[in-house]
Amino acid sequence: MSVPLLKIGAVLSTMAMVTNWMSQTLPSLVGLNGTTVSRGGTSERIVSAIYPSPEEGWQIYSSAQDADGKCICTVVAPAQNMCNRDPRSRQLRQLMEKVQNITQSMELLDLRTNRDLQYVRNTESLMKAVDVKLKTASDNPRSLNPKSLQDLKDKVTQLLPLLPVLEQYKTDARQISRVREEVRNLSLVLMAIQEEMGAYDYEELRHRVLLLETRLHSCMQKLGCGKLTGVSNPITIRASGSRFGSWMTDTMIPSSDNRVWSMDGYFKGRRVLEYRTLNDFMKGQNFVQHLLPHPWAGTGHVVYNGSLYYNKYQSNIIIKYHFRSRSVLVQRSLSGAGYNNTFPYSWGGSSDIDLMADENGLWAVYTTIPNAGNIVISRLEPQSLEVLQTWDTGFPKRSAGESFMICSTLYVTNSHLAGAKIYFAYYTNSSSYEYTDIPFHNQYSHISMMDYNPRERVLYTWNNGHQVLYNVTLFQVIKTAGD
């Protein structure tokens, strides 16, 4: 029996991505961002943004629909420095057109939600019917032999955890209906603005849109960890630097830090570029330079709570460098870890030690001689860099293209070249593993860095001199209190 647990997992992917882009590149543009519907690993297409010159005064974010009928919706608002009066009719007409697009997309989303919800209701009835049959069989054991009875019990036990998921699914459907009503109300407000043409105070409108954004953030936070089921098509942010490198934003949750850091190369580098926002990074402007006191090795760096964690060149020492004070707060040897291309990823590049962060903290991925070159995962204490716990995955590191952590699970790709896929997953919560088959499009054919950002719920990659993002789709299982 297949139940379409679609929207609960898929909303995680694009909502986080678009929310972050809006907060970084369009500070005043907020609202119904990134609502998506997807099945499994189906890719989403992110809408494009139009960045007007400062003198134009308006910032417009487009809505779009992909080939599979999935829609991505945004609310458009005037820039902060124009939130008083603006008589220019051309920008106002553009604004009204975008709102109409939002309304149409929400209508399509509502139709699909109702269709899928009916299927969910039918599935729920079927499960209850099976449960009734089980009770009947229990009351009259002669109607079933012991083996058949046990099989039926096992199947029903597997289905029971889906009941709270279905309840949450129906709640989400009602939430979509309420959000649609909010968009309709906003459209009426904008029509009033069009009639008044400059005599309207935009402060109330801005407040309404901020409230909508707050509601969406609250909804996203309720959707916690899950299992990776899909990766979107690549979103190229910029082409800069050499073939190898890394780029990142702060992975700490929660964080209002919108800075972007770029570290070009993997060998003896010391220069870190810090950009104020993602928009500045895309344009290559408004950056400062940090000159690290010790050079780095590899591309497995991570920024966590305002500090850069990286592997010191020609050593297994991890350094914590604090950006604001421009000083090293702590450095510590990762005992037994290979370095200097002893146990790198398949692409080499001194990628022996890979530091990363997810929803549950700071991690190091490496290997040692006693582990025979297999990937080792260690959870680190962020202040002291002390190893808290270690797992041996049994997967050879030289056979891995890259790896990243999501919700305490390590996902490993089978190559850094074209045709790569996510091939292996190790679950630290249960110390177990499985082989996976999650494809993704390696657009520029040579990935030298791939890290997950839990705050934005996207994958950051450095691909042959291109800085690329991927959305992820997480499948969530809501367990009952007795599980």
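Select D257, R259 and E274 to begin, for in this predicted model these three residues are linked in a network of salt bridges. Within that group, the side chains of R259 and D257 meet in a salt bridge with a nitrogen-to-oxygen distance of 2.6 Å, and R259 is buried, as is D257. The structure holds 5 salt bridges, and two others can be visited next.

Move on to R276 and D280, whose side chains meet in a salt bridge at 3.1 Å from N to O. Are the two partners buried or exposed? R276 has a relative accessibility of 52% and therefore counts as exposed, whereas D280, at 3% relative accessibility, counts as buried.

Then select K421 and D437, where the side chains form a salt bridge with 3.3 Å between N and O. This pair links distant parts of the chain, since K421 lies in strand β21 (residues 421-427) and D437 in strand β22 (residues 432-439), 16 residues apart. K421 is partly exposed, with a relative accessible area of 25%, and D437, at 54% relative accessibility, counts as exposed.

From K421, step along to I422 and display what surrounds this residue. Leaving aside its neighbours within four places in sequence, I422 is in contact with L228, V231, F404, Y411, V412, T413, T436, D437, I438 and F440. D437, the salt-bridge partner of K421, is thus among the contacts of I422 as well.

I422 also leads into the largest nonpolar core, which has 20 residues. To see the members that touch the most other members, select L228, V231, F404, I406, I422, F440 and L459. Which elements give two or more residues to this core? They are β5, β19, β21, β23 (447-453) and β25 (466-475), and of these β25 gives the most, with 4 residues. As background to this stop, nonpolar side chains in soluble globular proteins tend to be buried together.

The next selection is the cysteine pair C225 and C407, which form a disulfide with their sulfur atoms 2.3 Å apart. The pair links distant parts of the chain: C225 sits in the loop between α5 (202-222) and β5 (227-231), while C407 sits in the loop between β19 (403-406) and β20 (409-413), and 182 residues separate them. The structure holds 1 disulfide. Why is this disulfide left-handed? The torsion about the S-S bond of C225 and C407 is about -95 degrees, so the disulfide is left-handed. If the two cysteines are coloured by accessibility, C225 counts as partly exposed at 36% relative accessibility, and C407 counts as buried at 7%.

Now turn to the backbone, and select the hairpin made by strand β17 (residues 374-380) and strand β18 (residues 387-396), which run antiparallel and are joined by 6 bridges. Within this pairing, R379 stands opposite Q389 in β18. The hairpin has 6 residues between its strands, and in it L385 takes a positive phi near 65 degrees. Most residues other than glycine have a negative phi, which is a reason to look at two further positions.

One of them is A372, found in the loop between β16 (361-366) and β17. A372 has a positive phi of about 60 degrees although it is not a glycine, and at 63% relative accessibility A372 counts as exposed. The other is N340, placed in the loop between β14 (327-333) and β15 (354-358). N340 likewise has a positive phi of about 60 degrees without being a glycine, and at 44% relative accessibility N340 counts as partly exposed.

To finish, zoom out and show the whole chain, whose secondary structure comes to 6 helices and 25 strands. Of its 483 residues, 55% count as buried. With the surface switched on, the chain exposes about 20,700 Å², of which carbon and sulfur atoms supply 50%. Among the contacts in the chain with a separation of 6 or more, residues 24 or more positions apart account for 60%.

Key
Residues numbered from 1 in each chain as written. Predicted model: local features only at pLDDT ≥ 70, side-chain atom pairs only at ≥ 80, totals over all residues. Heavy atoms only, no water. Pairing = 2+ DSSP bridges. Disulfide = S-S within 2.5 Å. Buried < 20%, exposed > 50% of the residue type's maximum accessible area, 1.4 Å probe, protein only. Salt bridge = Lys/Arg side-chain N within 4 Å of Asp/Glu carboxyl O. Contact = heavy atoms within 4.5 Å. Areas by Shrake-Rupley, 256 points an atom, 1.4 Å probe, with all protein chains shown as cover. Core = buried A, V, L, I, M, F, W, Y, C linked by side-chain atoms within 4.5 Å.
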